[in-house]
Amino acid sequence: MTRKKILVTGGAGFIGGNFVQYMVNKYPHYDIYNLDLLTYAGDLTKHREIENKENYYFVNADIADSDAIITLFKKEKFDYVVHFAAESHVDRSITEPEIFVRTNILGTQVLLDAAKQINVTKFVHISTDEVYGELDFDPTTFFTEETPLQPNSPYSASKASSDLLVRAYHETFGLPVNITRCSNNYGPFHFPEKLIPLTISRVLNEEKVPVYGDGKNIRDWLHVFDHCAAIDLVLHKGANGEVYNVGGHNERTNIEVVKTIIKTLGKSEELIEFVTDRLGHDKRYAIDPSKLERLGWQPIYTFEKGIAQTIDWYLNNKWWWEQIISGEYQNYFKKQYTLENH
Ligand code: NAD
Ligand code: DAU
């Protein structure tokens, strides 16, 4: 089999980290390069089971540093790029939008330019359903690939901008690209600032769980392993220039998610604390994944199975998240949840 070099950006984060592990284990004949700046969201301890494998490499770099990126691309001549690296947390984009513009927009443009210079075989850009804006509560409506982009937060606006750059590099320069737009992921190594791991870790520590507004906003949950399989398929089979939505039809209100976790852990709903709503809080996301299903993808996880396994994972892997919720994360938490807007 032909040896390939795959660059994964953001491979020290949640989804990129799961994807790196999936690829290193599934494709021993591919060399997997994990490029990551190691921001607050990046950590390498999650890779202790693969870090000594012969097909795994780590590069500490900033995707917005064009000199470093071009030099690396010219040296390594990657076949494929799978681009996850981003600032990913909506709440942080409301308080610190600049870094989202730099990393998510400029960083993507730098990578596209480098990919163009060495003629990569495929550039897969990992985007989000949030670029489509929000849906109302009519359960028969879904985001399709044709839904207009109407991002509402600085985060989703920066991701939509990066999507448009990816499209433009395809249209202008013929760069072989795909864009994937997935719904909310959950599973192992999910950073505990996001709803599901935040709830699990706080419930386990008998701490209050902040639920924004009335808790009735809806997210469409996708297990990260199903997402990894989808990206693998798009990387190998996606038609050039195409966008693919990824979602498993697992819509839940936030309050349902929080109550499920509390019940599974045998704790009291008195831990729930309704707090001031997120600014510009999108009501509902829901994905129509039929285009990707036609390409050959089917999710394996129902929400019930996935959330039970995820709760078990957090119970069995306290070593990972306890180190993360100490230190600097505590400062973030205090600042975030004592703001006027919460
Ligand atoms: P994450 O925040 O867990 O990880 C992001 C990673 O990118 C971190 O390892 C961080 O160190 C790295 N990074 C940040 N800035 C960088 C820079 N300038 N140069 C190099 N590396 C940098 O994010 P995630 O939740 O794993 O999301 C990954 C991708 O998937 C993002 O593009 C996000 O927009 C998209 N996405 C996420 C979700 C979700 O539910 N988490 C859903 C849809 C789309
Ligand atoms: O839809 C895909 C997006 O999903 C990704 O593009 C983002 O990178 C990812 O962070 C996620 O965005 P959300 O804003 O949907 O995820 P978050 O976990 O921050 O919030 C999920 C829901 O829970 C949302 O309606 C806000 C609510 N929430 C969140 C937090 C952190 C609370 O009620 N309380 C909280 O403390």
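## Ligand 2 and helix α2 in a predicted model

In this structure, which is a predicted model, an oxygen atom of ligand 2 lies 2.8 Å from a backbone N or O atom of tyrosine 212. Two further polar contacts of ligand 2 involve side chains, that of aspartate 129 and that of tyrosine 337. The three contacts are set out below.

| Residue | Atom of the residue | Atom of ligand 2 | Distance |
|---|---|---|---|
| Tyrosine 212 | backbone N or O | oxygen | 2.8 Å |
| Aspartate 129 | side-chain N or O | oxygen | 2.6 Å |
| Tyrosine 337 | polar side-chain atom | oxygen | 2.6 Å |

On its own, ligand 2 has 690 Å² of accessible area, and the protein covers 95% of this. Two or more residues of the surrounding shell come from each of α3 (90-95), α6 (195-204) and β8 (209-212), and β8 gives the largest share, with three residues. In total, 24 residues surround ligand 2, and the closest are Asp129, Tyr155, Arg278, His281 and Tyr337. Sorted by class, the shell holds nine nonpolar, eight polar and seven charged residues. Because domain 1 (4-185 + 221-246) and domain 2 (192-219 + 250-280 + 303-335) both contribute residues to this shell, ligand 2 lies between them.

A separate feature is helix α2, which spans residues 66-76 and whose buried residues are Ile69, Ile70, Leu72, Phe73 and Glu76. These residues cover an arc of only 160° around the axis, and they therefore sit on the same side of α2. The face of α2 turned away from that buried side carries Asp67, Thr71 and Lys75, which are exposed.

Technical notes
Residues numbered from 1 in each chain as written. Chains lettered and ligands numbered in written order. Predicted model: local features only at pLDDT ≥ 70, side-chain atom pairs only at ≥ 80, totals over all residues. Heavy atoms only, no water. Near = heavy atom within 4 Å. Polar contact = N/O pair within 3.5 Å; in protein donor to acceptor, adjacent residues only side chain to side chain. Areas by Shrake-Rupley, 256 points an atom, 1.4 Å probe, with all protein chains shown as cover. Helix = DSSP H or I, 4+ residues; strand = E, 2+ residues; numbered from the N terminus. Nonpolar A, V, L, I, M, F, W, Y, C, P; charged D, E, K, R; others polar. Domains from an automatic or database assignment. Buried < 20%, exposed > 50% of the residue type's maximum accessible area, 1.4 Å probe, protein only. Arc of directions from axis to C-beta.
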